[in-house]
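Colleague: Got a minute to walk me through this one? I'd like the overall picture before we get to single residues.
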Amino acid sequence: MNTNRLSPALEKALSDQMNKEIHASHTFLSYGIWADDKGYQGIANFLYRHAQEERNHSIKFMEYVLNRGGKPKVEAIPEPPVDPESLTTCFDGVFKHEVDNTTAIYRLVDLALEEKDWATWNFMQWFVQEQIEEETLAANLIDKLKIAGGDRASNESLFTLDRALEAAPNDVPLAQEATGDNP
């Protein structure tokens, strides 16, 4: 008996998003390595935590597809972008990546709605809310860097920004610990 509760199109789209989240994880890991190499350990740590969060998102997609009777497919992950030229291009890259991801999430919501797959539509609402938070976080990075002086910031203000991001909460929850009350 076929127990797959996902259409082939939706199963592929969810699998593609799982891979997109893995690519995001690699991108933020790459940016973190760049920041670490430049001496911005606080910013690097912030980006490493963000990379882990994106990996956790990919696991959520994997588990959902498996729970609905499908089989997610791991694809080759594109190479992360080249190293940023500055903190501005790094933070702009984070924001652009989040906006692109939001667009992909919205396409999945649209597909679930079109197919009247209410379970998937409901599952995707967590990601819709998450993307609001992700875009806000990325926009705040850009704002904080502008306040510090952008690419012409003093070493002192960059040091302060670096320490502030290092002090940001380091409690990225594991996807396996998610519940209905605490997604």
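Modeller: Sure. A word on terms to start: helices and strands here are DSSP runs, at least four residues for a helix and at least two for a strand, numbered from the N terminus. And keep in mind that this is a predicted model.

Colleague: Noted. How many helices and strands are there in the protein chain?
Modeller: Five helices and zero strands. Along the sequence the pattern reads α-α-α-α-α.

Colleague: And how does the radius of gyration compare with the globule rule?
Modeller: The radius of gyration is 18 Å, close to the 16 Å that the globule rule gives for 183 residues, so the chain is as compact as a globular protein of that length. The C-alpha trace spans about 65 × 35 × 25 Å along its principal axes.

Colleague: What share of the residues counts as buried?
Modeller: 44% of the 183 residues. As for the surface, the chain exposes about 10,200 Å², and carbon and sulfur atoms supply 54% of that.

Colleague: What about contacts between residues 24 or more positions apart?
Modeller: Those account for 83% of the contacts with a separation of 6 or more.

Colleague: Switching to charge: how many positive and negative side chains?
Modeller: There are 17 positive and 31 negative ones. The centres of the two sets lie 4 Å apart.

Colleague: OK, the inside. Which residues have the most contacts inside the largest nonpolar core?
Modeller: That core has 25 residues, and the ones with the most contacts inside it are Ala-35, Ile-43, Leu-47, Leu-87, Phe-91, Val-94 and Leu-165. The elements giving two or more residues to it are α1 (8–37), α2 (41–67), α3 (87–115), α4 (118–148) and α5 (155–166). Apart from it lies another core, of 16 residues, including Ile-105, Phe-123, Phe-127 and Val-128.

Colleague: Any general background for that sort of grouping?
Modeller: In soluble globular proteins, nonpolar side chains tend to be buried together.

Colleague: Back to the first core, then. What does Ala-35 touch?
Modeller: Leaving out residues up to four places away in sequence, Ala-35 touches Tyr-40, Ile-43, Ala-44 and Leu-47. Ile-43 and Leu-47 are also among the residues with the most contacts inside the largest core.

Colleague: Let's do some polar ones. Is Thr-27 buried or exposed?
Modeller: Buried, because its relative accessibility is 0%. Thr-27 lies in helix α1, and beyond its neighbours within four places in sequence it is in contact with Pro-80, Pro-81 and His-97.

Colleague: How far is Thr-27 from Glu-53 in space?
Modeller: 12 Å, C-alpha to C-alpha, with their positions 26 residues apart in sequence.

Colleague: And Ser-30, where does that sit?
Modeller: Ser-30 is in helix α1. With a relative accessible area of 15%, Ser-30 falls under the 20% cut-off, so it counts as buried. Ser-30 touches Pro-80, Pro-81 and Asp-83, again not counting residues up to four places away. Glu-156, on the other hand, is 126 residues from Ser-30 in sequence and 25 Å away, C-alpha to C-alpha.

Colleague: Which residues does Pro-84 touch?
Modeller: Tyr-31, Trp-34, Thr-89 and Cys-90, with residues up to four places away left out. Pro-84 is found in the loop between α2 and α3 and counts as buried at 10% relative accessibility. The C-alpha atoms of Pro-84 and Ser-30 are separated by 9.7 Å, although the two are 54 residues apart along the chain.

Colleague: Where is Ser-86 found?
Modeller: In the loop between α2 and α3. Ser-86 is buried, with a relative accessible area of 14%. Its contacts, not counting residues up to four places away, are Trp-34 and Asp-151. Trp-34 is touched by Pro-84 as well.

Colleague: Now for backbone oddities. What's the phi of Lys-116?
Modeller: Near 55 degrees, a positive value in a residue other than glycine. Lys-116 is in the loop between α3 and α4 and is exposed, with a relative accessible area of 58%.

Colleague: Last one: where does Ser-7 lie?
Modeller: In the segment before α1. Ser-7 is partly exposed, since its relative accessible area is 21% and buried means under 20%. Ser-7 and Ile-22 are 15 residues apart in sequence and 23 Å apart in space, C-alpha to C-alpha.

How values were computed
Residues are numbered from 1 along each chain as its sequence is written. This is a predicted model: local features need pLDDT of at least 70, side-chain atom pairs count only at pLDDT 80 or more; totals for chains, interfaces and linings use all residues. Side-chain values use heavy atoms; hydrogens and water are left out. The radius of gyration is taken over C-alpha atoms; the globule rule is 2.2 Å times the number of residues to the power 0.38. Buried means under 20% relative accessible area, exposed over 50%, partly exposed in between (1.4 Å probe, protein chains only). Contact means heavy atoms within 4.5 Å. Accessible areas come from the Shrake-Rupley method with a 1.4 Å probe; for residues, only the protein chains shown count as cover. Lys and Arg count as positive and Asp and Glu as negative; His and the chain ends are not counted. The place of a charge is taken as NZ of Lys, CZ of Arg, CG of Asp or CD of Glu. A nonpolar core is a set of buried Ala, Val, Leu, Ile, Met, Phe, Trp, Tyr and Cys residues joined through side-chain atoms within 4.5 Å.
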